[in-house]
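Let's take a look at a pocket and a pair of rings. Have the structure open while you read.

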Amino acid sequence: MSVTTQTARRSKTGRTQEERSAAMRERLLDATIGCLVEYGYSGTTTTRVAERAGVTRGAQVHHFPTKTDLVTAAVRHLAQRRAELAFAEMDRLSESTDPIGDTLDLLWEIHQGPLFAASTELLLAARTDPELRAQVADVEPQISGMVVEFGKRVFGDEADTTQFRHYSYTAMDTVRGLLISNWAYPDDAQLDARWQRAKACLRAMAPADLTSR
């Protein structure tokens, strides 16, 4: 496409059609996460998402034909955002005097907020929804893979092992289990104490190659 053609396609705001389309997709995805957190999966309707995003129902269908497409794309979108925030901490962790403890704390931090709540809503709904389950089965390994990749960048060759991957998965399972168990009787002070106890156990379980750094 020529520069002249691209300029002609710009709106009064100075954005191209592609830029406007990307912005609309992002509004829809952010609105979906908000609905999942506020209303749960069953209460997240495409109409409600479109209204929250400030777009027409037709525009929503154009970008995401089904609710399943929309919610799984939204969780993938937010997971990518969280990964970017985590990777922004690379320099700090590389220079840390306690890389294992700080990395575990970062894992805990990135599971706070809407990502975990929205992801859990999908996991629970997927149990009885085969179409959603197929989509979630594709998203979940991507989220786990981001955590493993992050570990490799922090710890280098020591993290490129099956033992490290298993350790990472165990750490994630621990974090998720603590957060879910806290939903029934929320108590932030108790949750923090339980995390500190779990972190001490995870530190003791860390592969020897990591603890010798």
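What follows covers the largest pocket, one helix beside it and an aromatic pair.

This is a predicted model, in which local features need pLDDT of at least 70, side-chain atom pairs count only at pLDDT 80 or more, and totals for chains, interfaces and linings use all residues. Residues are numbered from 1 along each chain as its sequence is written, and side-chain values use heavy atoms, with hydrogens and water left out.

The largest pocket has a volume of about 170 Å³. A pocket here is an open set of points on a 1 Å grid over the protein atoms alone, where a 1.4 Å probe fits, with protein on both sides within 12 Å along at least five of seven lines; lining residues have an atom within 4 Å of a point. The lining divides into 7 nonpolar, 3 polar and 2 charged residues, including F116, S119 and E140. Its largest share, 6 residues, comes from α8.

So what does α8 look like? Its 13 residues reach 18 Å from first C-alpha to last, close to the 18 Å expected at 1.5 Å a residue. Among its buried residues (under 20% relative accessible area) are L115, F116 and S119. The buried residues of α8 pack against α2, α5, α7, α9 and α10.

Now for the rings: the whole structure holds 4 aromatic pairs. In one of them, F155 and F164 are tilted, 6.3 Å centre to centre with 55° between the planes. Rings pair if their centres lie within 6.5 Å, and tilted means planes neither under 30 degrees apart nor over 60. Both partners are buried:

| Residue | Relative accessible area |
|---|---|
| F155 | 3% |
| F164 | 4% |

Conventions: Grid points are joined across faces, edges and corners, and a volume is the space filled by probe spheres set on the points. Helices (H or I, at least four residues) and strands (E, at least two) are DSSP runs, numbered from the N terminus. Ala, Val, Leu, Ile, Met, Phe, Trp, Tyr, Cys and Pro count as nonpolar, Asp, Glu, Lys and Arg as charged, and the others, Gly among them, as polar. The expected span of a helix is 1.5 Å times one less than its number of residues. Buried means under 20% relative accessible area, exposed over 50%, partly exposed in between (1.4 Å probe, protein chains only). Contact means heavy atoms within 4.5 Å. Rings of Phe, Tyr and Trp (its six-membered ring) pair if their centres lie within 6.5 Å; planes under 30 degrees apart count as stacked, over 60 as edge-to-face and the rest as tilted.
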